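Here is a short tour of one model, written for a reader who likes to check things against the coordinates. Please keep the 3D view open as you go.

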Amino acid sequence: MTSSYPMIRLRRTRATAWSRAMHREVLVTPADLIWPLFVTEGVGVEDPIASLPGVSRWSVDGIVARAKEAVAAGIPCLALFPNTQPERRSEDGREALNPDNLMCRAIRAIKQACGDDIGVLTDVALDPYTSHGQDGLIDEHGYVLNDATVEVLVGQSLNQAAAGADIIAPSDMMDGRIAAIREALEGEGHVNVQIMSYAAKYASAFYGPFRDAVGSRGLLKGNKKTYQMDPGNAEEALREVELDLAEGADSVMVKPGLPYLDIAVRVKQAFGVPVFAYQVSGEYAMIEAAVAAGAADRDAMVLETLLAFKRAGCSGVLTYHALHAARLMGA
């Protein structure tokens, strides 16, 4: 016979704070956070991003200062994205292969200042470097060429690994790039450099502020629907993840985050591997807009959304609120 009310009262364990804490199923800590940061040229530069209130582009010295803040707050990893100067952008994105580009200088500076106290995750895609804003090389019709792009992505990955990157994170969504990058890393002796694949990256409306941050919004010709996933597809996401794991990815990412929690759940259940989610710029901006309108409490909303990712099975979250959240957790 199954017991029922009043023998079972689910509210019993909710009656006090100590009991709620003891029965909590999921907990978020600073170790679950990856902090995305935008790098720009100059010295002593802090360049606020209007569409991302509270987020700035930092020159390399500022990035180092942020890295030290992250270490102190218990954040284990930074994700770097460059704001490449217009004159360094080109049709073929060749600045991505420059060993002294913004990304590489920032990697070396962080590693010199912090060593292995913090990990550095680097974006692999050509959109921060192309004059047309696409993630790869294009033909005369504007179509992104898969195999030719993969060749450049391999060079970009090796460039970043040589500078000291700990995790290579291909965000381009080209077919076959994980296997090519993994083989190249092994061949060059970078056997402990991880690959976190943007395996299920959707052609989303939530990326706008990010494109402002890296300077590609006004440059983008067309859209990215021929390589990023259709928002209506879930089974395809599982195929993408399966392929990337077979090709050598150590972990996978779902992007965007909150609108695609169902995908994160399905990936975790299907493969049982480390799954990360990116709480993207549009998600961050919506929270900040709600706070500015007096419609939400920032602290509570930030912590609740991060808890949702963990509850869905994510090993960690890339979020622009990382430092704020880590400090809240440590308070």
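Two strands are said to pair if DSSP finds at least two bridges between them. Please bear in mind that this is a predicted model.

**A strand and its partners**

With that rule in hand, let us start at strand β10, residues 316-319. Strand β1, which covers residues 33-39, pairs with β10 in the parallel sense over two bridges. You can locate this pairing at Leu33, whose bridge partner in β10 is Val317. Strand β9, residues 275-279, also runs parallel to β10, and four bridges join these two strands. Here Tyr278 has Leu318 of β10 as its bridge partner.

Which residues of β10 point one way, and which the other? Gly316 and Leu318 point one way, while Val317 and Thr319 point the other way. In a regular strand, side chains alternate between the two faces of the sheet. All four of these β10 residues are buried.

**A buried serine in a loop**

Next, move to the loop between β4 (77-82) and α3 (102-114), where Ser90 is found. Is Ser90 buried or exposed? Ser90 counts as buried because its relative accessible area is 7%, and buried means under 20%. Leaving aside neighbours within four places in sequence, Ser90 is in contact with Tyr129, Thr130 and Ser131.

**Two pockets**

Now for the empty space. Rolling a probe the size of a water molecule over the atoms shows where such space is left. The table sets out the two pockets.

| Pocket | Volume | Lining residues | Lining by class |
|---|---|---|---|
| Largest pocket | about 330 Å³ | 20 residues | ten nonpolar, four polar, six charged |
| Second largest pocket | about 180 Å³ | 13 residues | six nonpolar, three polar, four charged |

The largest pocket has a volume of about 330 Å³. Of its lining residues, the closest to the centre are Trp35, Gly54, Val55, Tyr284 and Tyr320. Which elements supply at least two residues each to this lining? They are β1, β3 (56-58), α2 (60-73), α9 (281-292) and α11 (322-330). Strand β1 gives the most, with four residues. So β1 turns up twice in this tour, because the strand that pairs with β10 also contributes to the lining of the largest pocket.

In the second largest pocket, the residues nearest the centre are Asn146, Met173, Asp175, Thr226 and Tyr227.

Definitions and conventions: Residues are numbered from 1 along each chain as its sequence is written. This is a predicted model: local features need pLDDT of at least 70, side-chain atom pairs count only at pLDDT 80 or more; totals for chains, interfaces and linings use all residues. Side-chain values use heavy atoms; hydrogens and water are left out. Buried means under 20% relative accessible area, exposed over 50%, partly exposed in between (1.4 Å probe, protein chains only). Contact means heavy atoms within 4.5 Å. On a 1 Å grid over the protein atoms alone, a cavity is a set of points where a 1.4 Å probe fits but cannot get out, and a pocket is an open set with protein on both sides within 12 Å along at least five of seven lines; lining residues have an atom within 4 Å of a point. Grid points are joined across faces, edges and corners, and a volume is the space filled by probe spheres set on the points. Ala, Val, Leu, Ile, Met, Phe, Trp, Tyr, Cys and Pro count as nonpolar, Asp, Glu, Lys and Arg as charged, and the others, Gly among them, as polar.
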